[in-house]
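User: Please explain how the descriptive terms applied to this model are justified. I should like each label to be set against its criterion.

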Amino acid sequence: MAQIAPHAGGMDSARPVPAPGLSQSQRPALPVRSRTGMVVETDIPNRLDSLPFGRFHLLLVVALGVTWILDGLEVTLAGSLSGELMQHSGLGLSNSQIGLAGSVYLCGAVLGAFVFGWLTDRLGRKKLFSITLCVYLLATAATGLSWNVWSFVLFRFLTGAGIGGEYSAINSTIQELIPARLRGWTDLLINGSFWVGAAMGAGGSIVLLNPEFIDPALGWRLAFLIGTTIGLVILIMRRWIPESARWLMTHGFIEEADAVVRGIEARFAGAPRKAAQELPRARLKMRDHTPLPEVARVLFKTYRQRTLVGLSLMAAQAFFYNAIFFTYALILTNFYGIPAGEIGWYILPFAAGNVLGPILLGRLFDTVGRRIMIAATYAISGVLLAGTSYLFSQNLLSAQGLTVAWMVVFFFASAAASSAYLTVSEIFPLEIRALAIAFFYATGTGIAGVAGPLLLGELISTGSRDRVAIGYLIGALLMIAAAAVEALWGVAAECRSLEEVARPLSFIDS
């Protein structure tokens, strides 16, 4: 429940009188809408964190977390279909053009993250995660209709823009609605679901590139409709998801924020939790947006050390993942002679290792702690990648052996990469959360994620194992360096409310 607090010179300075006979949790919502600058007192954040984990949160995870599944699907399809796309029955792409398409997809994601992230903080989470999903649906369907390399590249760019925009909207929504004590594990599970999409893409490519089932020249086009089909179902599911109550309260929509929380609480009727009157309350001054100069001040002055941590984690995992995964199919075809139609069989076990990492290690990020687990998973991933690069350079790994090595490496790397997204979405103030997620995703992906596939694509084109191993070694060193940064300056955010981890800009002292 939120109340208007008296303040000098403000409108409606008198505190409203509750209806007789009603407890605090039963009082009617205040008829206040978007009164920028007004001071209010609220317990909304603590009410959300005090809820048990239930069906509402599970449905939230499914409806919003599907973005990672779609991203995994898109990335895997691009890799698994690369062999067919290089054929005359496909689009006749070269190795470099395959790498270009991967990098352009990431460029689209970078631009989409910035633009839609900025809009998410200004217009709300719910509006934007609907708009960005529509952008993705249209673009991925159009990809299947590509007629040459440039149309393919354009549609991959637009698909990436939709996915990049989704990251800002859905990650901020999930962080703001999941109870604090389970935020780490839940976030890692959601981010790890990328590899469920990867498995779907791999499985779909096995069927759709098999000439016994369908002509591969048509099959690769139909493969891009998988994401469209999933997205249409999810678009319908998302209609029931409420706007973030935390976003509403800071933007002056107090009545709506209280109604959202009441609606969620009603789903847990009878579940034991703290009484509303026992929960701490906070005072805040409502605002409709945060000026960009203030965003810059918060990132580069107030939280300069946290910004360095976020950039280190995001850039390292972006290079690590995109360089290896976007070019894995090229490694299999160029160095091991694996037919294009069989690439999916190697992606499936690769994806399994990635899915298991967050599932089995995720809870430790809430119990053992963020700093220890993030630093450890980054360091282990880097060391294992360095070892794999040496074995690959010496031709000591078969295609199956390399796949097993990647399963082990990415068991830890998947948890590490997921924790990077968790970190940047919880260690900055609520008012700039979506834009902060966009900034770190875009900067890390733009610098390292785009460079990775281009670099590895060129190294693979040389036909030299030693040169490819150098690309892998760069990724290993970046992960180890990020581990050191996290160990020194990481934030112990486990089981703490978002408002405690990073005080909202709108909060004022009592």
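**Labels and their grounds**

Analyst: The protein has 23 helices and four strands. The model is a predicted one. Of its 510 residues, 60% count as buried, and residues 24 or more positions apart account for 86% of the contacts with a separation of 6 or more.

User: Why is Leu454 called partly exposed?

Analyst: Leu454 has a relative accessibility of 38%. Buried means under 20% and exposed means over 50%, so Leu454 at 38% counts as partly exposed. Leu454 belongs to helix α21, residues 451-461.

User: What does Leu454 touch, not counting residues up to four places away in sequence?

Analyst: Leu454 touches Gly99, Leu100 and Ser103; contact here means heavy atoms within 4.5 Å. A further distance concerns Thr327, which is 127 residues apart from Leu454 along the chain, while the C-alpha atoms of the two are separated by 9.2 Å.

User: What makes the phi of Asn395 worth noting?

Analyst: The phi of Asn395 is near 55°, a positive value in a residue other than glycine. Most residues other than glycine have a negative phi. Asn395 is placed in the loop between α18 (370-393) and α19. With 47% relative accessibility, Asn395 falls between the limits of 20% and 50% and therefore counts as partly exposed.

User: Where does Cys495 lie, and why is it called partly exposed?

Analyst: Cys495 lies in the loop between α22 (465-489) and α23 (498-501). Its relative accessible area is 43%, which is neither under 20% nor over 50%, so Cys495 is partly exposed. The phi of Cys495 is near 60°, again a positive value in a residue other than glycine.

User: How do you know that β2 and β3 are paired strands?

Analyst: Pairing requires at least two bridges between the strands. Four bridges join β2 to strand β3 (residues 282-285), so the criterion is met. The two strands run antiparallel, and the bridge partner of Val40 in β3 is Leu284.

User: Which way do the residues of β2 point?

Analyst: In strand β2 (residues 39-42), Val39 and Glu41 point one way, whereas Val40 and Thr42 point the other way. In a regular strand the side chains alternate between the two faces of the sheet. Val39, Val40, Glu41 and Thr42 are all buried.

User: Which members of the largest nonpolar core touch the most other members?

Analyst: Of the 148 residues in this core, they are Ile331, Tyr336, Tyr378, Trp406, Phe410, Val468 and Tyr472. Helix α19 (residues 399-426) contributes the largest share of the core, 14 residues. Leaving aside neighbours within four places in sequence, Tyr378 is in contact with several residues, including Leu313, Ala316, Ala416, Ala420, Met479 and Ile480.

User: What makes up the lining of the largest pocket, by class?

Analyst: The lining has ten nonpolar, three polar and no charged residues. Asp, Glu, Lys and Arg count as charged, so none of these four types occurs in the lining. The lining consists of 13 residues, of which Leu58, Val61, Thr186, Leu189 and Ile190 lie nearest the centre of the pocket. About 230 Å³ of space lies in this pocket.

User: Which helices each supply at least two residues of that lining?

Analyst: They are α2 (55-80) and α7 (183-192). Helix α2 gives the most, with six residues.

Key:
Residues numbered from 1 in each chain as written. Predicted model: local features only at pLDDT ≥ 70, side-chain atom pairs only at ≥ 80, totals over all residues. Heavy atoms only, no water. Core = buried A, V, L, I, M, F, W, Y, C linked by side-chain atoms within 4.5 Å. Buried < 20%, exposed > 50% of the residue type's maximum accessible area, 1.4 Å probe, protein only. 1 Å grid on protein atoms, 1.4 Å probe; cavity = no way out; pocket = protein on both sides within 12 Å on 5 of 7 lines; lining within 4 Å. Points joined across faces, edges and corners; volume = space filled by probe spheres on them.
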